[in-house]
Amino acid sequence: MIGGVGRAVDAAQIQSSDWGNRMDEGEWDKVSQSGSAAGGTTTAGGQGKSPREPWYQRHQHWHNALCVLAAAATGFLGWWIVAEAATPDGTKAWWTALWDWVLIVVAVVAVVAGGLGAWRYRAWKSSSRADEEDASLFWLVVGGILASVVLASAMAYAQAELLTAPSESVTSLEHDELLDIARATTFALGALGAVAVLLVNYRKQRSVEATLAHERVKQRASEISALHERYTKAVEQLAEKDNAAIRLGGVHALAALGDDWAAQGVLTQRQVCVDLLCSYLRSNEPIEDDTDGDCGVIEWVSAPASLREDRDVRKAALEWLSRLASADHRAQVEWARRRSSNQSSKAGKAAGYPEPWAPGVVIDLRGIVLRELDLSYAKLSHLPLPQADFIRANLTHADLTGTNLRDAEIRDATLTQVKATGADLTLARMTEARMRMADLRGADLTRAHLGEARLVGARLGGADLSSANLWHADLAGAKVDGKTCFIGAVLYKTNFDKVALSVISREGVDFSEARNVSFEPPENQGNDSAQPRSGEAPTSADSGDKQSDSKDLPASS
């Protein structure tokens, strides 16, 4: 194919090898959010998941404090039971000096034991292997049973102390009282067991949710990796030099890939596809027109054969980019509407204005060459095509709504029944362009070069032709309205036959050198008096109209 295209696609291939193995930071932030919530972080390759540290590793100070409190509570409970049982009458254990010292010793030992236990537990858990999980579960069950026995004993002894007088021993309780103590202790243990079951089920639910979230992250990473592989294959197709059909398939593959990236919410990667297609469209064999230092271009040479063979490929790429640009335009219009409604309502002002507008896609097609290509019925709306080369191109029935064609070369092009409402044609060079029945409503044609252009029957309502060069242009039957502007336009021998010039403002417009100018109301232009009587020869203006129509017929066909 063409050398410039090959270089652009080769560069894209080098980039694709890197994009296929990694993702940009914003993209992986989205991919790894669910993984972080699930207790893990996915690696860039999507191959593994580094586990999140457990809470006792992340909050070591709290873990130490809990272990110390548990040890202190256990030591105090044991000291209390022994001290109460060892006193002669079961009272005044708190004020006995010997037992005060015993309490201090027990507290110190409990604090040291709790701290050492917490440290040893963390060290053991960090060095434990996967095959030690069963042993860990066994000791967890054993610890739970021992804790239940200790709690049952403590609760039973506490109830016995409450039921006995200060001077009586706990062994003096009767059979019925012991049954009540056993029943209350059993109920308390059952309540604690229910709480433990709830905690276990909660932990199990968290584990299941973490597993599902991890699976979703893995699936997401797999989908992203598949999209990168598709990008690499599409680049290889677009780099095919000898087969236009394969390149066309590459364009469609890139378009579908860009839509899939947008569906994934990763607009940066869709922009990568857009940038590649824009680079492809801007690349072509150099065209060297015959020029003169004083006169400029003397002759516009024909487009290279490789460009004409690439017509379908470029048309498909332009239409996909046009679809993105049109969607972006509709979003901008909606944003402007919401901003206007917010500014005009008290509730909107209280809620605040919308965020500043940011385009969803950036398209750079400045100076692309589409010379002599058949782009009839092409959808090119809202595309930025400044300084584009459309010389001798066929744009019959093409959609150029809102297209930026500023400073474009559209000489000798066919734009029959083209739809260019709202298009920006400022400084466009459209000499000898055939624009029969073209829809140019609201178009900006300021300082455009329309010398000898055929605008027969064109719709120019709201069009701005200020300072435009309409030298020898044919506007016969063109539709104008009160917003059509010809201020400062060059109207030398411009044909205004059957144009309702009475509805436009004549201030700043020089019609003195124009042809067939009439400022009569539209209803008086089509009466019988304007037609030649039978037997009379047609006027020179009529014969000129017939000649212009005959010239337009081959162009329209």
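Cysteine 485 is buried in this predicted model, at a relative accessible area of 18%, which sits under the 20% cut-off. Cysteine 278 is buried too, with a value of 2%. Here they are side by side:

| Residue | Relative accessible area | Status |
|---|---|---|
| Cysteine 485 | 18% | buried |
| Cysteine 278 | 2% | buried |

How many disulfides does the structure hold? Zero. For a pair to count, the cysteine sulfur atoms would have to lie within 2.5 Å.

Now for helix α9, which covers residues 267–282. Cys278 is one of its buried residues, and Cys273 is another. What span should α9 have, going by 1.5 Å a residue? With 16 residues the expected figure is 22 Å, and the end C-alpha atoms are indeed 22 Å apart, so the two agree. The helix is mostly covered, with twelve of the 16 residues buried. Among them are Gln269, Arg270 and Gln271, along with Val272, Val274 and Tyr280.

Then there's a neighbour to look at. Helix α7 runs over residues 175–238, and its axis comes within 12 Å of the α9 axis, crossing at roughly 5°. That angle is under 35 degrees, so α7 counts as roughly parallel to α9. On the α7 side, the contact involves His228, Tyr231, Val235 and Leu238. They meet Gln269, Val272, Cys273, Leu276, Leu277 and Tyr280 in α9. Sorted by class, this contact has eight nonpolar residues, two polar ones and no charged ones.

Several α9 residues turn up in both lists: Cys273, for instance, is buried and also takes part in the contact with α7.

Key:
Residues are numbered from 1 along each chain as its sequence is written. This is a predicted model: local features need pLDDT of at least 70, side-chain atom pairs count only at pLDDT 80 or more; totals for chains, interfaces and linings use all residues. Side-chain values use heavy atoms; hydrogens and water are left out. Buried means under 20% relative accessible area, exposed over 50%, partly exposed in between (1.4 Å probe, protein chains only). Helices (H or I, at least four residues) and strands (E, at least two) are DSSP runs, numbered from the N terminus. The expected span of a helix is 1.5 Å times one less than its number of residues. Axes are lines fitted to C-alpha atoms, for helices over the stretch in contact, and angles run from 0 to 180 degrees between N-to-C directions. Angles under 35 degrees count as roughly parallel, over 145 as roughly antiparallel, 65 to 115 as roughly perpendicular and the rest as oblique. Contact means heavy atoms within 4.5 Å. Ala, Val, Leu, Ile, Met, Phe, Trp, Tyr, Cys and Pro count as nonpolar, Asp, Glu, Lys and Arg as charged, and the others, Gly among them, as polar.
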